[in-house]
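Colleague: I would like to know how the labels on this model are earned. Please set each value against its definition.

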Amino acid sequence: MSKHQIAPTSSHHANPQPKALRVLCADDHEQLALVVKYAFERAGHHVECVSDGLSALERVMEDLNFFNVLVTDHQMPRLSGLGLVSKLRDTEFSGAIVVHSSHLTKAEADAYRALAVDHILGKPAPLPMLLGIIHALVEAPP
């Protein structure tokens, strides 16, 4: 091999595995939260689940830079997803926010958009779709 030829390299860089993310799932529907947790953990991510918006807010406030992604339902006890996102926008939380909800009025969806959520997704979304959205949001250049 001449000094100008480059030895072939392995092709394992063709489809790199997405980096492990820290995801907070806020959903009062326990079974759905567990399915999302299971799917994300199988994809190599760390997932914590809480059952209401106030618990999600409290968990995020412990360390605003810990979670890369918040996946939140809209209708939850103690604090809705809209209330949660509104309060987070008053902080330095830098993670992506995905609203995963089955019932949003146009006004509610518009309110989420006004708060600059990263994505609104109808529930139940196919898990590969949800994972793909999360990966695209987190890996997108700033």
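Colleague: How many helices and strands are there in the protein chain, and what makes a run count as one?

Modeller: The protein chain has 5 helices and 5 strands. Helices are DSSP runs of H or I with at least four residues, strands are runs of E with at least two, and both are numbered from the N terminus. Along the protein chain the elements run β-α-β-α-β-α-β-α-β-α. This is a predicted model, where local features need pLDDT of at least 70 and side-chain atom pairs pLDDT 80 or more, while totals for chains, interfaces and linings use all residues. Residues are numbered from 1 along each chain as its sequence is written, and side-chain values use heavy atoms, without hydrogens and water.

Colleague: What makes strand 3 and strand 4 a pair?

Modeller: Two strands pair if DSSP finds at least two bridges between them. Strand 3 (residues 69-72) and strand 4 (residues 96-101) are joined by 4 bridges and run parallel, so they meet that definition. One of the bridges links Leu70 to Ile97 in strand 4.

Colleague: What is the order of the strands in the open sheet, and why is one side of strand 2 and of strand 5 left without a neighbour?

Modeller: The order is 2-1-3-4-5, with parallel pairing. Strand 2 (46-50) and strand 5 (119-122) are at the edges and each has a single partner strand, so one side of each has no neighbour in the sheet. On average, neighbouring strands of this sheet are turned by 20 degrees against each other, direction ignored.

Colleague: Which strands does helix 1 touch?

Modeller: Helix 1 (residues 30-42) packs on the sheet and touches strand 1 (22-26), strand 2 and strand 4. Contact means heavy atoms within 4.5 Å. The direction of helix 1 makes about 170 degrees with that of strand 2; axes are lines fitted to C-alpha atoms, for helices over the stretch in contact, and angles run from 0 to 180 degrees between N-to-C directions.

Colleague: Why is Val50 called buried?

Modeller: Buried means under 20% relative accessible area, exposed over 50%, and partly exposed in between, with a 1.4 Å probe and protein chains only. Val50 has a relative accessible area of 16%, so Val50 is buried. Val50 lies in strand 2, and beyond four places in sequence its contacts include Leu24, Cys25 and Ser55.

Colleague: Which residues of helix 5 are buried, and what covers them?

Modeller: Leu130, Leu131, Ile133, Ile134 and His135 are buried in helix 5. Their cover includes helix 1, strand 3, strand 4 and strand 5.
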